[in-house]
Amino acid sequence: YFVMEEGTPTLWTVAAWSADNLRKTVADLRSRMLLQLDPARVTRLVIRRRKAPLIELARVGEGWTLTAPVAAPADRYAVDALLTDLKALKGQDVVDEPSAYSRYKLDQPTVEAVLYSGTGSGQTLTLSKPNPAKDEAYASSTRLPFVFRLANALTVGSLAKEPGEFRERLLLAAAKEDLTDATITAGSLVITCVNGRDGKWTITKPAGAAADTELNDMLFEIIYIRVEAFTNDAPKSLNPYGLDKPRVEVQLKGVKDRVPFTHRYRLGNRAGEHAYIQFTGQKPVYAVRRDLLDKLERFTDKVRAPAPALAATPKAVPAARHAKK
């Protein structure tokens, strides 16, 4: 570009990029960050989805809890990742049309999110996806009450998830080294396993039981339990899940950081690749990988099986006397 300072006769040339900074339009200079937030300061998140139950999440200490539509622990990493994405949400283009708000169905939003960082009314983000077949979305917010076209519809999908996608799926994660003993009950059979001082596990009840291979396989399976499906948070009956008369019950005891702990749960029927589980003192019924039940039953079957009979020791045959010459 050629440049001349007003009032002087000198003519200059300058790099194009430096002149382009002065040639920006009003649209280039407008703010397009839909929210102004610090994810670490958000204390509550409310998600409203079209024709679906409201989702509400509240910060508790370092983590999150789901308070609606059901009270349950939330996956803190999923919530924190969502807040980070919302912080960076930016409009691609500003749609300056008089009827843009209704034309792009922001008056009938696909999803709305309200974020609270204190005692105020919070910031509201409104999102719509006018054409489900296209990867496009439009947005507006209380911070910037204009219509923006987004680069894609990823944020709509992230906020429109089912409540289960925000729930904590890890039910139990214990270290084998922290356990002191495990009790497995299958009907009338009660098996007690103890962790010795040398770190070797043995079966102390019933006496003489031998199932070392199955014991080690079972121990690795029973200390890490993750939800595959949230089956029923308030079942009226446990009979459909086989939990009124469970196939196997598990009790784990141990000490972590000098604090004793106990975990108890029971397993019921199989359902395809899953099995039903319920923790003692809790109402929800979950579906977990059936490997957990398979290995527990393989272990109990091995303990229940009678020990092979020892072969009879042959009687000693007296040595033949030497014949006299």
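# Side-chain interactions in a predicted model

At 14% relative accessibility, Glu221 counts as buried. The side chain of Glu221 nevertheless meets that of Arg289 in a salt bridge, with 3.2 Å from N to O. This pair links distant parts of the chain, since Glu221 belongs to helix α6 and Arg289 to strand β21, 68 residues apart. The model is predicted, and a search of the whole structure finds 17 salt bridges and five aromatic pairs. The points below take up helix α6, the charged side chains, the aromatic rings and two individual residues.

**Helix α6 and its partner in β21**

- Helix α6 spans residues 212-222, and its buried residues are Glu214, Leu215, Met218, Leu219, Glu221 and Ile222.
- These buried residues lie on the same side of α6, because they cover an arc of only 165° around the axis.
- An α-helix has 3.6 residues a turn, so residues three or four places apart point the same way.
- Asp212, Thr213 and Phe220 are exposed on the other side of α6.
- Arg289, the salt-bridge partner of Glu221, is partly exposed, at 40% relative accessibility.

**Salt bridges between separate parts of the chain**

- Side chains of opposite charge can pair when their charged atoms come close.
- Asp96 and Arg30 form a salt bridge in which the closest N and O atoms are 3.2 Å apart.
- Asp96 lies in the loop between β7 (93-94) and α4 (100-103), and Arg30 in the loop between α2 (26-29) and β3 (44-49), so this salt bridge ties together parts that are 66 residues apart in sequence.
- Asp96 is exposed, with a relative accessible area of 60%, whereas Arg30 is partly exposed at 24%.
- Lys256 forms a salt bridge with Asp178, and here the closest N and O atoms are 3.8 Å apart.
- The Lys256 and Asp178 pair links distant parts of the chain, 78 residues apart: Lys256 is in strand β18 (residues 248-256), and Asp178 is in the loop between β12 (170-173) and β13 (179-186).
- Lys256 has a relative accessible area of 47% and is partly exposed.
- A network of salt bridges links Arg247, Arg270, Arg290, Asp294 and Glu297.

**Aromatic pairs**

- A pair of aromatic rings is described by the distance of the centres and the angle of the planes.
- Among the five aromatic pairs, Phe230 and Tyr286 form one that is edge-to-face, at 6.0 Å centre to centre and with 75° between the planes.
- Phe230 lies in strand β17 (residues 229-232) and Tyr286 in strand β21 (residues 285-289), so this aromatic pair ties together parts that are 56 residues apart in sequence.
- Phe230 is partly exposed at 22% relative accessibility, while Tyr286 is buried at 7%.
- Tyr265 and Phe279 form a tilted aromatic pair, at 5.2 Å centre to centre and with 45° between the planes.
- The Tyr265 and Phe279 pair links distant parts of the chain, 14 residues apart, with Tyr265 in strand β19 (residues 259-271) and Phe279 in strand β20 (residues 274-279).
- Tyr265 is buried, with a relative accessible area of 1%, and Phe279 is buried at 8% relative accessibility.

**Arginines over aromatic rings**

- The charged end of Arg30, which also pairs with Asp96, sits over the ring of Phe146, 4.6 Å from its centre.
- Arg44 lies over the face of Tyr116, at 4.4 Å from the ring centre.

**Asp75, a buried charge without a salt bridge**

- Asp75 is found in the loop between β6 (72-73) and α3 (76-87).
- Asp75 is buried yet has no salt bridge, and the nearest side chain of opposite charge, that of Arg226, is 5.5 Å away.
- The contacts of Asp75, leaving aside its neighbours within four places in sequence, are with Phe166, Arg167 and Glu168.

**Ala229 in strand β17**

- Ala229 is found in strand β17 and is partly exposed, at 29% relative accessibility.
- The C-alpha atoms of Ala229 and His274 are separated by 8.8 Å, although these residues are 45 residues apart along the chain.
- Leaving aside its neighbours within four places in sequence, Ala229 is in contact with Arg169, Tyr286 and Ala287.
- One of these contacts, Tyr286, is also the ring partner of Phe230 in the edge-to-face pair.

Notes: Residues are numbered from 1 along each chain as its sequence is written. This is a predicted model: local features need pLDDT of at least 70, side-chain atom pairs count only at pLDDT 80 or more; totals for chains, interfaces and linings use all residues. Side-chain values use heavy atoms; hydrogens and water are left out. Rings of Phe, Tyr and Trp (its six-membered ring) pair if their centres lie within 6.5 Å; planes under 30 degrees apart count as stacked, over 60 as edge-to-face and the rest as tilted. Helices (H or I, at least four residues) and strands (E, at least two) are DSSP runs, numbered from the N terminus. Buried means under 20% relative accessible area, exposed over 50%, partly exposed in between (1.4 Å probe, protein chains only). A charge sits over a ring if NZ of Lys or CZ of Arg is within 6 Å of the ring centre and within 35 degrees of the ring normal. Lys and Arg count as positive and Asp and Glu as negative; His and the chain ends are not counted. A salt bridge is a side-chain nitrogen of Lys or Arg within 4 Å of a carboxyl oxygen of Asp or Glu. Contact means heavy atoms within 4.5 Å. The arc is that of the directions from the helix axis to the C-beta atoms.
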